[in-house]
Structures are given as structure tokens and as C-alpha cells.
Amino acid sequence: MQNAEGDDGYAFIGGHAAFGETTDEPLVREFKEEIGADIKIKRLLRHLTIWATSELG
């Protein structure tokens with residue numbers, strides 16, 4: 001979770017994996033880009049895909 005400057009809430013770090021990247025490469029890159037953290041992946045727990053929809057109106 002991160003808190004943008006001037007924002008009163010928290011949000012998940014955004015980003016995506018590029019074609020051909022391993023599972024851990026985008027995690028390391030996005031943590032660095034979004035919050036400036038250098039991380040090392042020890043073990044992946046499992047792959048999870050979440051689909052969400054929203055109705056505007």
C-alpha cells in the first residue's frame with residue numbers, strides 16, 4: 001500500500017508485467033518505481049488474478 005502526497009487514503013501499487021518478464025521482475029521494478037524500495041523476492045506464495053467491475057451511472 002502507498003500513500004500519495006496530498007492524498008488522505010492509501011492505494012495498491014500499480015503496474016504490469018511486460019511480455020517475457022519472469023514473475024519476480026515486475027514486482028522488483030514496480031516497488032522501486034512506485035515507492036523507491038529495493039526488494040528481493042525470497043519466495044512467491046502463489047499466482048492470483050483478480051477481476052473487478054464497476055458500474056458508473
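Me: How many salt bridges does the structure hold?

Reply: This is a predicted model, and the structure holds four salt bridges. Let's look at some that involve Arg29.

Me: What makes the pairing of Arg29 and Glu21 a salt bridge?

Reply: The nitrogen and oxygen of these two side chains are 2.3 Å apart. The cut-off is 4 Å between a side-chain nitrogen of Lys or Arg and a carboxyl oxygen of Asp or Glu, so the pair qualifies.

Me: And why is the pairing of Arg29 and Glu30 called a salt bridge?

Reply: Use the 4 Å limit again: the N to O distance here is 3.4 Å, which is within it, so this is a salt bridge too.

Me: What about Arg29 and Glu33: how do you know that they form a salt bridge?

Reply: Their closest N and O atoms are 3.6 Å apart. That is within 4 Å, so the name fits. Both residues lie in helix α1, four residues apart, which is about one turn of the helix. Through shared partners, salt bridges join Glu21, Arg29, Glu30 and Glu33 into one network.

Me: Why is Glu30 called buried?

Reply: Its relative accessible area is 11%. Buried means under 20%, so Glu30 belongs in that class.

Me: Is Glu33 buried or exposed, and what makes it so?

Reply: Glu33 has a relative accessible area of 52%. The mark for exposed is over 50%, so Glu33 counts as exposed.

Me: Then why are Arg29 and Glu21 called partly exposed?

Reply: Arg29 has a relative accessible area of 25%, and Glu21 is at 25% as well. Partly exposed lies between the 20% and 50% marks, so both residues get that label.

Me: Which residues make the nonpolar surface patch?

Reply: Leu27, Phe31, Ile35 and Leu44 make it, with an area of about 310 Å².

Me: How do you know that Ile35 is accessible enough to belong to that patch?

Reply: Patch residues need over 30% relative accessible area, and Ile35 has 43%, so Ile35 passes that test. With that value between 20% and 50%, Ile35 is also called partly exposed. You can find Ile35 in helix α1, which covers residues 24–35.

Me: What does the chain look like as a whole?

Reply: It has one helix and zero strands. Of its 57 residues, 5% count as buried. The accessible surface comes to about 5700 Å², with 55% belonging to carbon and sulfur atoms. Among contacts between residues at least 6 apart in sequence, 6% join residues at least 24 apart.

Methods
Residues numbered from 1 in each chain as written. Predicted model: local features only at pLDDT ≥ 70, side-chain atom pairs only at ≥ 80, totals over all residues. Heavy atoms only, no water. Patch = residues over 30% accessible without salt bridge, like charges linked within 9 Å, V, L, I, M, F, W, Y side chains within 5 Å. Areas by Shrake-Rupley, 256 points an atom, 1.4 Å probe, with all protein chains shown as cover. Helix = DSSP H or I, 4+ residues; strand = E, 2+ residues; numbered from the N terminus. Buried < 20%, exposed > 50% of the residue type's maximum accessible area, 1.4 Å probe, protein only. Contact = heavy atoms within 4.5 Å.
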